[in-house]
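Got a minute to walk through a fold together? Pull up the structure and we'll take it piece by piece.

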Amino acid sequence: MKANIMLLPGDGIGPEILTAAVQVLDKVASKYGHEFAYNEQLIGGIAIDKTGNPLPEETLRAGEQSDAILLASVGGPKWSDPSAPVRPEQGLLKIRGHFGLFANLRPVKTYPALAQHVPLRPDLLEGVDMLIVRELTGGLYFGERKEQGDGADSYDTMYYSVPEVERVAHVAFKAAQKRRGKLTSVDKANVLASMRLWRRTVVKVAEDYADVELDHVLVDACAMYLMTRPASFDVIVAENMFGDILSDEASVLAGSLGMLPSASLGSGTFGLYEPVHGSAPDIAGKGIANPIGQFLSAAMMLRHSLNLETEASAVEAAVDAVLDDGARTADIAVKGGATVGTAEFTQAVIAKL
Ligand code: IPM
Ligand code: MG
């Protein structure tokens, strides 16, 4: 098949790990007879430096011409002044909103080989395999906001309409049907009006999914259960900020934030794929970044936007096989063990493919 993929390397380690992912995709293309055309564009801090805008119009137009977007990471100390009017992260929020990418899928599983990196009792990790579905274009990050200079008050609003909750709930229920048939809806219905609407709406949507077992957990309790009984979760659906926080917490279970991929989807096959981690400015340019989250994001892209299930599974299996062989980037290395850089890890994955 032919596919147009927009590449957004962004900032920090972004360009390194995205280059590595393109090498893996090129291998997939040659092995399975596909043609991937890439269009590289600006987002984040580098876009601010070059155009003054964290999400230039040209990036949006190019995205509209593509089948999928593969993004690496944005942000860094250079642009992190909290009083700056323009910030790299605005580009990320805007691109999700522009393309209507309301459902953010963040799978989390434990890797037995990385158990030493998880600060939890090993018996708690057995069978940890969950999917966090984070609502991505509503809630606290997209509500009305007031921000003023020094001394004035400010606020953010958590707003949801019924259709906004319904559509992400459908994604979560459907995912649960394909997995182990369990859905945990996370809210704060004991305090927040928008979260009572969330719970009522999820209960209503559940009528269409009699085969899925639904429970409701308050977000504070959920944060605890992720550490005390992580294997009990199958699919979790959560408000935008709650999902943001819980997915970083859950990443601990995988051994490193560097392992986690994500897919941001709307109502069609188009999607934006990015690792859950940030731009890691402290290690940028050193060639030591863990590219796994980016590779697994590319695999999610092959599966969801390009309908290439065999190819997606092949990339995932190649990553697992390289880990089984003992290759470790610095973030997942054991003291005294052999470590590899980004390029070596990438070559190993390509060799497996
Ligand atoms: C994420 C990140 C972003 C978010 C930031 C960088 C705006 O934390 O993708 O999880 O909050 O969505
Ligand atoms: Mg986050």
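Start with the sheet: 10 strands make up an open sheet with mixed pairing, in the order 2-1-3-12-11-4-5-10-8-9. At the edges sit strand 2 (35-40) and strand 9 (213-218), each of which pairs on one side only. From one strand to its neighbour in this sheet, the turn averages 25°, direction ignored. Keep in mind that you're looking at a predicted model.

Now zoom in on strand 10. On one side, strand 5 (residues 129-135) pairs with strand 10 (residues 235-238) in the parallel sense, over four bridges. Follow the pairing residue by residue and you'll find Leu131 opposite Val235 in strand 10, while Val133 has Val237 as its bridge partner there. Strand 8 (residues 182-187) also runs parallel to strand 10, and three bridges join the two. Here Thr184 stands opposite Ile236 of strand 10.

So what about the faces of strand 10: buried or exposed? Val235 and Val237 point to one side, Ile236 and Ala238 to the other, and all of them are buried, leaving both faces of the strand covered.

Helix 7 is worth a look next. Does its length add up? Let's check what 13 residues should span. At 1.5 Å a residue, helix 7 (residues 193-205) should span 18 Å, and its end C-alpha atoms lie 19 Å apart, which agrees.

Which residues of helix 7 are buried? They are Ser194, Met195, Leu197, Trp198, Thr201, Val202 and Val205. Look down the axis of helix 7 and these buried residues fall within an arc of 150°, so they line one face of the helix. The general rule helps here: an α-helix has 3.6 residues a turn, so residues three or four places apart point the same way. Turn to the face away from the buried side of helix 7 and you'll meet the exposed residues Ala193, Arg200 and Lys204.

And what covers that buried side? The cover over the buried residues of helix 7 includes strand 5, strand 8, strand 9 and strand 10, along with helix 6 (162-178) and helix 9 (240-251). Strands 5 and 8, then, turn up twice in this tour: strand 5 pairs with strand 10, strand 8 does too, and both are among the elements covering helix 7.

One last stop is Thr59, which you'll find in helix 3 (residues 57-64). Buried means under 20% relative accessible area, and Thr59 has just 1%, so this residue counts as buried. Setting aside neighbours within four places in sequence, Thr59 is in contact with Met6, Leu8, Gln41 and Leu42.

Notes:
Residues are numbered from 1 along each chain as its sequence is written. Chains are lettered from A and ligands numbered from 1 in the order in which they are written. This is a predicted model: local features need pLDDT of at least 70, side-chain atom pairs count only at pLDDT 80 or more; totals for chains, interfaces and linings use all residues. Side-chain values use heavy atoms; hydrogens and water are left out. Two strands pair if DSSP finds at least two bridges between them. Axes are lines fitted to C-alpha atoms, for helices over the stretch in contact, and angles run from 0 to 180 degrees between N-to-C directions. Buried means under 20% relative accessible area, exposed over 50%, partly exposed in between (1.4 Å probe, protein chains only). Contact means heavy atoms within 4.5 Å. The expected span of a helix is 1.5 Å times one less than its number of residues. The arc is that of the directions from the helix axis to the C-beta atoms.
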